[in-house]
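Trainee: Could you pick one part of this model and go through it slowly with me? I'd like to see how it ties in with whatever surrounds it.

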Amino acid sequence: MQFVEADQPDKLLIFFGKVEYCTSAAISGLLSIKRRISVYGGDIKLCGLSELVRESFDRMGLSGKVFEVYDSITEAV
């Protein structure tokens, strides 16, 4: 959040390649970052989610509706 506040990026890509699970607190943080970055007209994308993490995002209705989710960095860029 400090990075988003300080730099106000118009694009943010978060790579989840080494993330094994994602807590509700982490997801809440991502939602806060998304809200903040949208104030600046920015966009956030997620990529490299493990199958387990992707399933969690899917079950919560976050994939595709709230967050753009891609398999790889190349696809996201």
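**Starting from one loop**

Mentor: Let's start at Ser63, which sits in the loop between α3 (51–59) and β3 (68–70). Keep in mind that we're looking at a predicted model. The Ser63 side chain makes a polar contact with the side chain of Asp58, at 2.7 Å. If you leave out residues up to four places away in sequence, Ser63 touches Arg54, Phe57, Asp58 and Val69.

Now go back into helix α3, where you'll find Ser56. Ser56 counts as buried because its relative accessibility is 16%, and the cut-off for buried is under 20%. Its side chain has a polar partner too: the side chain of Arg59, at 3.2 Å. Ser56 and Thr23 are 33 residues apart along the chain, yet their C-alpha atoms are separated by 9.6 Å.

So what does α3 link up? Together with β2 and β3, α3 makes a right-handed β-α-β unit. The strands β2 and β3 run parallel and are joined by 3 bridges. To find your place in that pairing, look for Lys45, which stands opposite Glu68 in β3.

On to the other pairing of β2. Strand β1 (residues 11–15) and strand β2 (residues 43–47) run parallel as well, with 5 bridges between them. Here Ile14 is the residue to find, since it stands opposite Leu46 in β2. To get from β1 to β2 the chain passes through helix α2 (residues 24–39), and this β-α-β crossover is right-handed.

Helix α2 deserves a longer stop. It has 16 residues, and the span from its first C-alpha to its last is 23 Å, close to the 22 Å expected at 1.5 Å a residue. The buried residues of α2 are Ile27, Leu30, Ile33 and Ile37. They lie on the same side of α2, because the arc they cover around the axis is only 115°. The spacing behind that is general: an α-helix has 3.6 residues a turn, so residues three or four places apart point the same way. And what covers the buried residues of α2? The cover includes α1 (2–7), β1, β2 and α3, so our starting neighbourhood comes back in through α3. Turn to the face of α2 directed away from the buried side and you meet the exposed residues Ser24, Ala25, Arg35 and Val39.

Ser38 also belongs to helix α2. Ser38 is partly exposed, as its relative accessible area is 44%. The side chain of Ser38 reaches the backbone oxygen of Arg35 at 2.7 Å. As for distance, Ser38 and Glu20 are 18 residues apart along the chain, and their C-alpha atoms are separated by 27 Å. Just after α2 comes Gly41, with a positive phi of about 80°.

One more backbone detail, back towards the start of the chain. Gln8 lies in the loop between α1 and β1. Its phi is positive, about 45°, although Gln8 is not a glycine. With a relative accessibility of 44%, Gln8 counts as partly exposed.

If you want to retrace the walk, go from Ser63 in its loop to Ser56 in α3, then across the parallel pairing of β2 with β3 and that of β1 with β2. Finish on α2, with Ile27, Leu30, Ile33 and Ile37 on its buried side.

How values were computed. Residues numbered from 1 in each chain as written. Predicted model: local features only at pLDDT ≥ 70, side-chain atom pairs only at ≥ 80, totals over all residues. Heavy atoms only, no water. Pairing = 2+ DSSP bridges. Helix = DSSP H or I, 4+ residues; strand = E, 2+ residues; numbered from the N terminus. Right-handed = clockwise from strand over helix to strand, strands pointing away. Polar contact = N/O pair within 3.5 Å; in protein donor to acceptor, adjacent residues only side chain to side chain. Contact = heavy atoms within 4.5 Å. Expected span 1.5 Å × (residues − 1). Buried < 20%, exposed > 50% of the residue type's maximum accessible area, 1.4 Å probe, protein only. Arc of directions from axis to C-beta.
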